[in-house]
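Consider the structure shown below and work through the exercises that follow it. Attempt each task before reading its solution.

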Amino acid sequence: MFPECQLLGTVGCHLCEIAEAEIMPLVEGGLLVELVDITEPVDLTEVYGLRIPVLRRVDTGAELDWPFDPEQIVAFLR
């Protein structure tokens, strides 16, 4: 079973859309991913503005910066 994750990004981010597509096969397999807009409700732009998309594990707080592929995501989630 996969840990719950967050995908940090923002609306209109082309790389965030690509990252979401990379994650979708895992979501279909049971991965829970919350999409988090770095501009709302708390502005996280200063921290993540140049790093998005970022996949973050809720349980450990570990982060995987873009670029990543499904194999790297699976390794990150172990």
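The exercises below treat the sheet, a helix and two peptide bonds.

This is a predicted model, in which local features need pLDDT of at least 70, side-chain atom pairs count only at pLDDT 80 or more, and totals for chains, interfaces and linings use all residues. Residues are numbered from 1 along each chain as its sequence is written, and side-chain values use heavy atoms, with hydrogens and water left out.

**Exercise 1.** Determine the order of the strands in the sheet and state which strands stand at its edges.

Solution. Begin with the terms: helices (H or I, at least four residues) and strands (E, at least two) are DSSP runs, numbered from the N terminus. Two strands pair if DSSP finds at least two bridges between them. The open sheet consists of four strands in the order β2-β1-β3-β4, with mixed pairing. β2 (33-37) and β4 each have a single partner strand and stand at the edges, so one side of each lacks a neighbour in the sheet.

**Exercise 2.** Describe how β1 is joined to β3.

Solution. Strand β1 (residues 5-9) runs antiparallel to β3, and four bridges join the two. Within this pair, Gln 6 has Arg 56 of β3 as its bridge partner.

**Exercise 3.** Locate the cis peptide bonds that precede Pro 53 and Pro 67.

Solution. First, the bond from Ile 52 to Pro 53 is cis, with omega near 0°. Pro 53 is in the loop between α2 (45-48) and β3 (54-57). Next, Trp 66 and Pro 67 are joined by a cis peptide bond with omega of about 5°. Pro 67 is in the loop between β4 (63-65) and α3 (70-77).
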